[in-house]
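Thanks, everyone. Let me put the model up, and then I'll walk through one helix and its surroundings.

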Amino acid sequence: MSIAVIGAGAWGTAFAIHLARTGKQVLLWVYEEELCEVLKKTRENRDFLPGFKLSESIHFTTSLEEIAAYSDDIVIAMPSFALRGTLKKIAPGLASRNLLVLTKGIERGTFLGMSGVIAELIDGKADQIAILSGPSFAKEVAHGAFTASVVASRNKHLAQYFQQMLHSDSFRIYISDDVTGVGLGGTLKNVMAIGAGVIEGLRLGTNTQAAFVTRALAEMKRLGKALGAKETTFMGLSGMGDLILTSYGNLSRNRLFGMELAKGKKAQDIIDSQNNVVEGYYATDAAHNLSKKLNVEMPITEELYKILYEGKDIKTSLQDIIRREFKEEDY
């Protein structure tokens, strides 16, 4: 069985390793021509996922047209900000394929989730799209550590198809029909993990961390409800599970980004110094503006937006959160 993967960052590469481990032939699309040549010669992605020898059943290309023609099943794992521009080039070739989206994010301007962007590109054929989300660090998936995730699609048969395709002794897949909730959980946890990193960097303690993550989850559910997502989805793998992983895990790029902010570094300087993409940086902007459009109260997201995009002092921001008016606890 052959599968194409678009995106050779850490997650795309780790997923290709998993697919090859389950007996699939994989064609991995690489944006950078130089990296593609290195992968062919060394079979190691030293730029984004060093330390893993890639199977001979993983092949490499810089041609999107080759990807579109390679398989009926295509996995999409590129950064959110590049998704529309990249896939637009091969949109006609995607229209008849089974698409599994690993990318997390909300598109700036349109406020569409990644599956929504793709559906727009392929003339609204949302039944051909599934998304995967859940607590899954790329490095641990590449190692074969046990992982559980959820595949969501409006098309139950497609969700079951990918469930069977991806399942292994080390990778358990659940299915859902809540595409909005699963996609939003996978996006907003990146935002909240930045705040968790700030708390860790300032050494504010585990009481603060526990309070923060609990209120972060409530905030995620609040936006999800406004968009028609199921509240229960946020209690599952793509919500609470991924939030816990990304907020506390040492491999979290978003958490590390927050810790660097706590040292007094500027957001853009940190972004410019990173090799891997910090998705939470971009998601904060989109989520903040979406909450304003929908009139949804998201105080954590709002303060993170002010820190990242307006240069607000972190300690002032924390005090403003703490001194908010009295209210009943919502869930």
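Start with helix H15, residues 299-310. It has twelve residues, and at 1.5 Å a residue they should span 16 Å. The C-alpha atoms at the two ends are 15 Å apart, which agrees with that. Keep in mind that this is a predicted model.

Next, what is buried in H15? At the start, Pro 299, Ile 300 and Thr 301 are buried. Further along come Glu 303, Leu 304 and Tyr 305, then Ile 307 and Leu 308. Note that a glutamate, Glu 303, is among these buried residues.

What covers them? The cover includes H9 (179-201) and H10 (206-226). It also includes H12 (253-262), H13 (267-273), H14 (279-294) and H16 (314-322).

Now the chain just past H15. Gly 311 sits there, with a positive phi of about 75°.

On to H16. Two packed helices are described by the angle between their axes and the distance between the axes. For H15 and H16, the axes come within 10 Å and cross at roughly 160°. Angles over 145 degrees count as roughly antiparallel, so that is how H15 and H16 run relative to each other. Their crossing is right-handed.

Who meets whom? From H15, we have Pro 299, Ile 300, Glu 303 and Ile 307. From H16, the partners are Ile 314, Ser 317, Asp 320 and Ile 321. Sorted by type, the residues of this contact are five nonpolar, one polar and two charged.

Two more residues, both in helices that help cover H15.

First, Asn 254, in H12. Is Asn 254 buried or exposed? Its relative accessibility is 6%; the cut-off for buried is under 20%, so Asn 254 counts as buried. Which residues does Asn 254 contact, leaving aside neighbours within four places in sequence? One set is Asn 190, Ala 193 and Ile 194. Then there is Thr 246. The rest are Val 278, Glu 279, Gly 280 and Tyr 281. For a sense of distance, take Ala 91, 163 residues from Asn 254 along the chain. Their C-alpha atoms are separated by 31 Å.

Second, Ser 291, in H14. At 3% relative accessibility, Ser 291 counts as buried too. Not counting residues up to four places away in sequence, Ser 291 touches Leu 223, Val 296 and Met 298.

That's the tour. Happy to take questions.

Note on methods
Residues numbered from 1 in each chain as written. Predicted model: local features only at pLDDT ≥ 70, side-chain atom pairs only at ≥ 80, totals over all residues. Heavy atoms only, no water. Helix = DSSP H or I, 4+ residues; strand = E, 2+ residues; numbered from the N terminus. Expected span 1.5 Å × (residues − 1). Buried < 20%, exposed > 50% of the residue type's maximum accessible area, 1.4 Å probe, protein only. Contact = heavy atoms within 4.5 Å. Axes fitted to C-alpha atoms, helices over the stretch in contact; angles between N-to-C directions. Parallel < 35°, antiparallel > 145°, perpendicular 65-115°, else oblique. Left-handed = near helix turned anticlockwise from the far one by under 90°. Nonpolar A, V, L, I, M, F, W, Y, C, P; charged D, E, K, R; others polar.
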